[in-house]
Amino acid sequence: MQMACQFRPSAFLRKGRWIFHPAMITTQFIVTALVLAGALAVIARMVIIEKRPRSDLNPRLLPTTPVMIICAFVALLALVHLVNMAGVHTGR
């Protein structure tokens with residue numbers, strides 16, 4: 001029976017060790033990995049902005065907490081998508 005995922009896990013396992021397989025590097029994989037990296041970078045930048053000491057009591061122009069929550073959700077979705085493309089079944 002053929003798996004419904006894009007990659008076969010047995011194609012990456014050789015002699016008990018995981019190896020790099022060129023079939024895994026597709027446009028969809030690269031775009032998803034870039035979205036994940038971008039979301040994590042935005043989260044890191046928002047944490048740095050939040051931890052900076054304030055010089056006055058004026059509110060910030062950009063609300064950092066909602067941006068962090070949205071980027072964390074996007075990062076979670078991208079991570080699940082990458083895991084699904086690697087052949088792990090994460091749904092029902």
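A residue counts as buried when its relative accessible area is under 20%, as exposed when that area is over 50%, and as partly exposed in between. Keep this rule at hand for the exercises below, and remember that the model you are looking at is predicted.

**Exercise 1. Get to know the chain**

Find how many helices and strands the chain has, and in which pattern they follow along the sequence.

*Solution.* Start by counting: the chain has 2 helices and 2 strands. Next, read along the sequence, and you meet them in the pattern β-β-α-α. The helix α1 covers 27–51, and α2 covers 64–85.

**Exercise 2. Sort three residues**

Decide whether Thr64 is buried or exposed, and then classify Ile70 and Arg54.

*Solution.* Take Thr64 to begin with, which lies in helix α2. Its relative accessible area is 5%. The cut-off for buried is under 20%, so Thr64 is buried. Which residues does Thr64 touch, leaving out those up to four places away in sequence? They are Met46, Ile49 and Glu50.

Now move to Ile70, also found in helix α2. Because its relative accessible area is 56%, Ile70 is exposed.

Finally, look at Arg54, in the loop between α1 and α2. With a relative accessible area of 48%, Arg54 is partly exposed.

**Exercise 3. Explore the surface patches**

Work out which residues form the nonpolar patch on the surface, and which helix supplies its largest share.

*Solution.* Begin with the members: Val31, Val35, Ile70, Phe73, Val74 and Leu77. Together they have about 530 Å² of accessible area. Then ask where they come from: α1 and α2 each supply at least two residues. The largest share belongs to α2, with 4 residues. You have met one of the members already, the exposed Ile70.

There is also a positive surface patch, so which residues form that one? They are Arg45, Arg52, Arg54 and Arg60. Among them is Arg54, the loop residue from Exercise 2.

**Exercise 4. Step back to the whole chain**

State what percentage of the residues is buried, and how much area the chain exposes.

*Solution.* Of the 92 residues in the chain, 21% are buried. The chain exposes about 7300 Å², and carbon and sulfur atoms supply 68% of this area. As a last step, consider contacts between residues at least 6 apart in sequence: 54% of these join residues at least 24 apart.

Key
Residues numbered from 1 in each chain as written. Predicted model: local features only at pLDDT ≥ 70, side-chain atom pairs only at ≥ 80, totals over all residues. Heavy atoms only, no water. Patch = residues over 30% accessible without salt bridge, like charges linked within 9 Å, V, L, I, M, F, W, Y side chains within 5 Å. Areas by Shrake-Rupley, 256 points an atom, 1.4 Å probe, with all protein chains shown as cover. Salt bridge = Lys/Arg side-chain N within 4 Å of Asp/Glu carboxyl O. Buried < 20%, exposed > 50% of the residue type's maximum accessible area, 1.4 Å probe, protein only. Lys, Arg positive; Asp, Glu negative; His and termini not counted. Charge placed at Lys NZ, Arg CZ, Asp CG, Glu CD. Contact = heavy atoms within 4.5 Å.
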